[in-house]
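This report describes a single protein chain in terms of its fold, its interior and its pocket. The sequence and structure are shown first.

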Amino acid sequence: MRQRLSSEPDRYRGRRRVPTPPRSRYAVVVTSAFVGAGVVAFGAASNLPDAKAVSPDVLQGLKTQQVAADALESRSDGGAASRGENREAAGTELSAEEAARDIYLLPLDEYEFTSAYGVRFGKLHAGIDLAAPEGTPYKAVHGGTVTAAGYSGGYGYSVTIRQDDGTEIIYAHSRRVVVEKGEQVKAGQVIGEVGNTGYSYGTHLHLEVHVKGTPTDPITFLQDRGVDIKLQMENVYAGLAAAAAS
């Protein structure tokens, strides 16, 4: 049995001592951390410019540059928005005009189909006849330029409209016409009134179509473009586009 040394304290008698780290080590670590942080903060602060040392002229110059930059950015954004709106409006207007140039419509809202294209009384009847009460307004089937408007021999009072592709449509036997030569008209625009002038046998609208100077059957010509004279039908979207373009 180990003999107790006389120098060993009584509180450790019969026990094993657990070694503990010296407190001085933790104190050194914590102290070093605080000291290091203080040094870094002091060094960073020493690199910052002193506000009192900055020239007032420099500060004013910086403010002026910022105000100018903000104004330029605002004007640029506003200008871009305005240009975008203008382009959008122009695109909408252009699309409506383009749609109007492609529209074909019925010349009358109500009528009776009385005579077809073909030989009649030994001669070519170069158009079709649509009977309607005298004074009924009739409209341009398609847009174009008025090349003739007024009294024209057997046609009586008539209107001739030339399309962009050179096709001409003649509206004859009118009581009166309401457009003039050289005028630009759109599909669905009123251009005259049904009558019985010229070589006519009753109140009606005589409609002719000339393609490259040669008469062609208006029935088939208009059917190919979405208008059925006999059934009195037209493309509903064409009517909406015409209303939007007017």
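## Strand S8 and its buried residues

His173 is located in strand S8. The model under discussion is a predicted one. His173 is not a glycine, yet its phi is positive, at about 65°. With a relative accessible area of 5%, His173 is buried, because residues under 20% are classed in that way.

Ser174 is likewise a residue of strand S8. Its relative accessible area is 1%, and Ser174 is therefore buried. The side chain of Ser174 makes a polar contact of 2.5 Å with the side chain of Tyr138. When neighbours within four places in sequence are set aside, the residues in contact with Ser174 are Tyr138, Tyr157, Ser158, Glu193, Val194, Gly195 and Thr197.

## The largest nonpolar core

Which residues of the largest nonpolar core touch the most other members? They are Tyr138, Val159, Tyr171 and Ile191, out of 28 residues in this core. Two or more core residues come from each of strand S4 (127-131), strand S7 (157-162), strand S8 (168-177), strand S10 (190-194), strand S11 (204-211) and helix H3 (218-223).

Ile191 belongs to strand S10. Its relative accessibility is 0%, so Ile191 counts as buried. Apart from residues up to four places away in sequence, Ile191 touches Tyr138, Lys139, Ala140, Val159, Ile161, Tyr171, Val177, Val178, Val179 and Val185. Among these is Val179, which is 12 residues from Ile191 along the chain, with 5.6 Å between the two C-alpha atoms.

## The largest pocket

The largest pocket holds about 540 Å³ of space. Its lining consists of 20 residues, and those nearest the centre are Arg120, His125, His173, Tyr199 and Tyr201. His173 thus appears in this lining and is at the same time a buried residue.

Which strands each supply at least two residues of the lining? Strand S3 (123-125), S4 and S11 do so. S4 and S11 are also among the elements that give two or more residues to the largest nonpolar core.

## An exposed loop residue

Phe121 lies in the loop that runs between strand S2 (118-120) and S3. Is Phe121 buried or exposed? With a relative accessible area of 76%, Phe121 is exposed, because the cut-off for that class is over 50%. Phe121 has a phi near 55°, a positive value in a residue other than glycine. His173 also has a positive phi, but that residue is buried.

## The chain as a whole

The protein chain has 4 helices and 14 strands. Of its 246 residues, 29% count as buried. Among contacts between residues at least 6 apart in sequence, 59% join residues at least 24 apart.

## Confidence of the prediction

The average pLDDT of the protein chain is 76, and 55% of the residues score at least 70. For residues 24-35 the pLDDT is below 50, and this stretch has 1 contact in the model beyond near neighbours in sequence. Residues 79-84 also have a pLDDT below 50, and their stretch has 0 contacts beyond near neighbours in sequence.

Conventions
Residues numbered from 1 in each chain as written. Predicted model: local features only at pLDDT ≥ 70, side-chain atom pairs only at ≥ 80, totals over all residues. Heavy atoms only, no water. Core = buried A, V, L, I, M, F, W, Y, C linked by side-chain atoms within 4.5 Å. Buried < 20%, exposed > 50% of the residue type's maximum accessible area, 1.4 Å probe, protein only. Polar contact = N/O pair within 3.5 Å; in protein donor to acceptor, adjacent residues only side chain to side chain. Contact = heavy atoms within 4.5 Å. pLDDT = per-residue confidence, 0-100. 1 Å grid on protein atoms, 1.4 Å probe; cavity = no way out; pocket = protein on both sides within 12 Å on 5 of 7 lines; lining within 4 Å. Points joined across faces, edges and corners; volume = space filled by probe spheres on them.
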